[in-house]
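Me: I would like a close look at one part of this structure, with its setting in the chain described first. Please keep the answer connected.

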Amino acid sequence: GAALREGAWVQRLYIVPEWRRRGYGTFLLRRVCRAGPRGLWARAENGAAQAFLRQCGFQGAGPVLCRGVRAAADNAVACAHAFVRAHLVPGGFAVDATAGNGHDTVFLCHAVGPQGRVLALDIQQKAVDATNMRLQKMGLAQIGRAIKADHAGLADIFEKEGRPCAVMFNLGYLPGGSHAVFTTPQHSLPALDAAWRALLPGGALTVCAYSGGMQGTAERDAVLAWAGALRGQGCKVAVHLFRHEAGQPPIAVCLLKEMRPAP
């Protein structure tokens, strides 16, 4: 089979009949889990399975655990990834609303798996090309694709593409690109509204927001006000600050859309 890679899931293991009930199952499972790279994810639905994975170097509160990565992610991007991983069900539809260089897009492709699909969008053609090239090189073009579009038009995109189980935003400017082109609250807030309305119950929405300069700080504060207004309205909100980092590190705003109560 394919080699285990960072960001991949341990999905299932199969023990051939002649090896069963001879102690090989646990032995082989332990070998596979311990041989996996940092950043390997697994889902364990009961306490015994979670305890076993922790013996193999996985960490987390469960049912989703990650190997060799601290439960408390130490930067905004890692925190957003961990939050989405904990709530995304493989096989769904996810959106990277700010493609950039495609790192979040690749992450989402690994998270939804081969049965899922990912759409990334960016207003800059340079970012769209870089993301599609990255997906091609990593063999993920069958799962994800990037298009040139303004995330302010997400409502129309969701009407065409369907409702997502996860949406990720990484605000600011394109890394390595011109600092004269950046996201603004005038576009970001309508995009966040559209994403939240379309998000499936149980779905996750994350925003990495930056400060520094009038533009970044104003957008960060606008995002915090927007998320705060949703708190308690079928929405769980967590804001993660990273004061241990020098300068003005980005923050992670993580929202979970609560499941509707049964009628």
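How many helices and strands are there in the chain? After that, take the part around serine 188: which helix is it found in, is the residue buried or exposed, and which residues does it touch?

Reply: The model is a predicted one. Its chain holds eight helices and eleven strands. Of the 263 residues, 45% count as buried. The accessible surface of the chain is about 13,700 Å², and carbon and sulfur atoms hold 55% of that area. Among contacts with a sequence separation of 6 or more, 67% are between residues 24 or more positions apart.

Now the part you asked about. Serine 188 lies in helix α7, which spans residues 185-198. Its relative accessible area is 1%, so the residue is buried, the limit for that class being under 20%. If residues up to four places away in sequence are left out, serine 188 touches His151, Leu171, Thr183 and Glu219. With the last of these there is also a specific interaction: a polar contact of 2.5 Å joins the side chains of serine 188 and glutamate 219.

The partner can be described in the same way. Glutamate 219 belongs to helix α8, residues 213-230, so the 2.5 Å polar contact runs between a side chain of α7 and a side chain of α8. Glutamate 219 has a relative accessible area of 3% and is therefore buried. Both ends of the polar contact are thus buried residues, serine 188 at 1% and glutamate 219 at 3%. Setting aside neighbours within four places in sequence, glutamate 219 is in contact with Leu171, Gly172, Thr183, Thr184, Pro185 and Ser188. Leu171 and Thr183 appear in this list and also among the residues that serine 188 touches. A backbone distance can be added: the C-alpha atoms of glutamate 219 and leucine 189 are 9.0 Å apart, while the two residues are 30 apart in sequence.

Helix α7 has a further neighbour, helix α6, which covers residues 154-161. Two packed helices are described by the angle between their axes and the distance between the axes. The axes of α6 and α7 come within 8 Å and cross at roughly 25°. Angles under 35 degrees count as roughly parallel, so that is the description for α6 and α7. On the α6 side, the residues that meet α7 are Leu154, Ala155 and Phe158; on the α7 side they are Ala191, Ala194, Ala195 and Ala198. By class, this contact is made up of seven nonpolar residues, with no polar and no charged ones. An α-helix has 3.6 residues a turn, so residues three or four places apart point the same way.

Proline 190 is also in α7. Its relative accessible area is 37%, so proline 190 is partly exposed, whereas serine 188 in α7 is buried. From proline 190 to leucine 154 the C-alpha distance is 8.4 Å, across 36 residues of sequence. Leucine 154 is one of the α6 residues that meet α7.

On α6 there is also glutamate 161. Glutamate 161 is buried, with a relative accessible area of 17%. Not counting residues up to four places away in sequence, glutamate 161 touches Phe93, Arg117, Leu119 and Arg145.

Three other helices give some context for these values. In α4, residues 103-112, nine of the ten residues are buried, so this helix is largely enclosed by the rest of the structure. Its buried residues include Asp104, His110 and Val112. Just after α4, glycine 113 takes a positive phi of about 80°. In helix α5, residues 125-137, is alanine 127, which counts as buried at 0% relative accessibility. The C-alpha atoms of alanine 127 and alanine 99 are 6.5 Å apart, with their positions 28 residues apart along the chain. Arginine 30, in helix α1 (residues 24-35), is partly exposed at 24%. Its contacts beyond four places in sequence are Phe52, Gln55 and Cys56, and its C-alpha atom is 8.1 Å from that of leucine 53, 23 residues away in sequence.

To return to the request: serine 188 is a buried residue of helix α7, with its side chain in a 2.5 Å polar contact with the side chain of glutamate 219.

Conventions: Residues numbered from 1 in each chain as written. Predicted model: local features only at pLDDT ≥ 70, side-chain atom pairs only at ≥ 80, totals over all residues. Heavy atoms only, no water. Helix = DSSP H or I, 4+ residues; strand = E, 2+ residues; numbered from the N terminus. Buried < 20%, exposed > 50% of the residue type's maximum accessible area, 1.4 Å probe, protein only. Polar contact = N/O pair within 3.5 Å; in protein donor to acceptor, adjacent residues only side chain to side chain. Contact = heavy atoms within 4.5 Å. Areas by Shrake-Rupley, 256 points an atom, 1.4 Å probe, with all protein chains shown as cover. Axes fitted to C-alpha atoms, helices over the stretch in contact; angles between N-to-C directions. Parallel < 35°, antiparallel > 145°, perpendicular 65-115°, else oblique. Nonpolar A, V, L, I, M, F, W, Y, C, P; charged D, E, K, R; others polar.
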